[in-house]
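User: Could you take me through the sheet in this model and what sits around it? I'd like one connected walk, strands to helices, with any odd backbone spots along the way.

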Amino acid sequence: MTTTLYSPLSSTLSSSSSLQEKKLRIPIQSAKPGLILKPLRSFPSIRAATDFSSSLDTGEFCYFVLILANLWYICYSEFLIGCNGDRFESTELDAVTSYSEIVPDTVVFDDFERFPPTAATVSSSLILGICSLPDTKFRSAVDTALADTQCYRLENSEDRMSCFVNKVGLGKIGGDLAKLVPGRVSTEVDARLAYDTQAIVEKVHDLLKLYRGIDVPPERLLFKIPSTWQGIEASRLLESEGIQTHMTFVYSFCQAAAAAQAGASVIQIFVGRLRDWARNHKGDPEVEAAVRRGEDPGLALVTKAYNYIHKYGHKSKLMAAAIRNKQDVFNLLGVDYIISPLKILQSLKESVTPPDEKYSLIRRLSPQTAASYNFTNDELVKWDQYSFAEAMGPAAVELLSAGMDGYASQSKRVEELFEKIWPPPNV
């Protein structure tokens, strides 16, 4: 679309120059319906004197100012919306990142350019993904770790494979990831230790020693621990030493509250998994209470945990995972971290938010809303092992167990894979 502005039929600028009738065409992406430009069929002469003063009557001057104002309005409006159509457009991804930190959910970091990650997780699934893609930038880390002479000298095959897993996941991949992301690297602790507090603490100490050996400072690290009672107790001990913990597989309020009381640095809730459980099961009081209120049980748990953490001054940050669609993201705005699949991030990135609509997204979670949230006396207890076990409903028990079984299975697969490919060439 173009708008045509007519210059005067005759006009004179300075004592010797004149302008013929011309048309000035300005490209317009969008026009406001209230803006009407009418061509002027005549315009006064403006004569400039030799001393740079000008002479014209008041009416003529008003006409001149009007046409200049019209020109300025059009150009300024087009400047604001972007003359090329996208210069000042913002996307839904821009809008949501102003409320929460968005973390791409990917096993192998092959989308750095599209979605640069701010944090990373070292896990058995990551190692399996790397080993399945020979050309990935981390594959050389696997081969190098499998040639480690310290692990090679161990006679017991299980100890040797465990040593290799630690070397691969930390000495190489974890260290490389720490160089690539500005945030923290979370390292998965073997889920097979989930019911042994002391074994978890010792494992984390061993992992931390490896990280120190490659100059990754403790403040750049998180250690990912399943949210059993023993795991939460391990978190309490580790946090008291200044070691940051990341509690995972949280599916009930008692897990979130106990982890917050233990001082866990990050608490991760799987929104979609809890929703899926509620669709196919019954008998969990916490889940059914949310359904009766017309709420999604996964989103309701994130809201409740966030409000508890912020209302009572716990240091924990809350992470929402198992996000299934954009609406989940919108409903969680304000939570500290959202782990989102790449397809949702791409959809958010491709959805342009007009300037007058970018503020339509509402922050759902904030310290202000947390202050007005009411908890029952039963929810404000000092959690111990007995009250924790009593409060764990069927959903949390089943999903926690399933999550740990999956992690344990992946750890076993990694060890079996290393047995097949070890020793690497030239060892």
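Analyst: Here's a walk that begins at the sheet, moves out to the helices and comes back to a few single residues.

Keep in mind that this is a predicted model. For scale, the protein chain has 17 helices and 16 strands, and 47% of its 427 residues are buried. Take the contacts between residues at least 6 apart in sequence: 69% of them join residues at least 24 apart.

Now the sheet. It's an open one built from 8 strands, and the pairing is parallel. Reading across, the order is E8-E15-E14-E13-E12-E11-E10-E9. The edges belong to strand E8 (101-105) and strand E9 (120-122), each of which pairs on one side only. From one strand to the next, the twist averages 25°.

Helix H9 (residues 253-262) packs on this sheet, where it touches strand E12 (245-250) and strand E13 (266-270). The direction of H9 makes about 170° with that of E12. We'll get back to H9 in a moment.

E15 (residues 337-341) deserves the closest look, since you asked about strands. On one side, E8 and E15 pair in the parallel sense over 5 bridges. Within that pairing, Ile 102 has Ile 338 as its bridge partner, and Asp 105 stands opposite Pro 341. On the other hand, there's strand E14 (residues 317-321), which pairs with E15 in the parallel sense over 2 bridges. Ile 338 turns up here too, as the bridge partner of Ala 320.

How many of the residues of E15 are buried? It's 5 of its 5. Both faces are covered: Tyr 337, Ile 339 and Pro 341 are buried on one side, with Ile 338 and Ser 340 buried on the other.

Back in E12, there's a backbone oddity. Phe 249 lies in that strand and has a positive phi of about 60°, although it is not a glycine. That's worth a flag, because most residues other than glycine have a negative phi. Phe 249 is also buried, with a relative accessible area of 1%.

A second positive phi sits in a very different setting as far as exposure goes: Asp 215 is exposed, at a relative accessible area of 68%. Its phi is near 65°, and again the residue isn't glycine. You'll find Asp 215 in the loop between helix H7 (197-213) and strand E11 (221-226).

That loop brings us to H7 itself and its neighbour, helix H8 (residues 229-240). Their axes come within 8 Å and cross at roughly 45°, so the two helices count as oblique to each other. The crossing of H7 and H8 is right-handed. On the H7 side the contact is made by Thr 197, Ile 200, Val 201, Val 204 and His 205. H8 answers with Gln 230, Gly 231, Glu 233, Ala 234, Leu 237 and Leu 238.

Now back to H9, which has a helix partner as well as the sheet. The axes of H9 and helix H12 (residues 297-311) come within 10 Å and cross at roughly 25°. That angle makes H9 roughly parallel to H12. This crossing is right-handed. From H9, the residues involved are Phe 253, Ala 256, Ala 257, Ala 260 and Gln 261. They meet Leu 301, Lys 304, Ala 305, Tyr 308 and Ile 309 in H12.

H12 also holds His 310. Is His 310 buried, exposed or partly exposed? Partly exposed, with a relative accessible area of 30%. Leaving out residues up to four places away in sequence, His 310 touches Asp 336, Pro 367 and Ala 370. Of those contacts, the one with Pro 367 spans 57 residues in sequence, while the two C-alpha atoms are 5.7 Å apart in space.

Last stop, the nonpolar core. Nonpolar side chains tend to be buried together in soluble globular proteins. Here, the largest nonpolar core has 108 residues, and Ile 173 and Phe 418 touch the most other members. Which residues does Phe 418 touch, not counting those up to four places away in sequence? They are Ile 127, Cys 131, Val 142, Leu 146, Met 161, Phe 164, Val 165 and Val 168.

Terms used
Residues numbered from 1 in each chain as written. Predicted model: local features only at pLDDT ≥ 70, side-chain atom pairs only at ≥ 80, totals over all residues. Heavy atoms only, no water. Pairing = 2+ DSSP bridges. Helix = DSSP H or I, 4+ residues; strand = E, 2+ residues; numbered from the N terminus. Axes fitted to C-alpha atoms, helices over the stretch in contact; angles between N-to-C directions. Contact = heavy atoms within 4.5 Å. Core = buried A, V, L, I, M, F, W, Y, C linked by side-chain atoms within 4.5 Å. Buried < 20%, exposed > 50% of the residue type's maximum accessible area, 1.4 Å probe, protein only. Parallel < 35°, antiparallel > 145°, perpendicular 65-115°, else oblique. Left-handed = near helix turned anticlockwise from the far one by under 90°.
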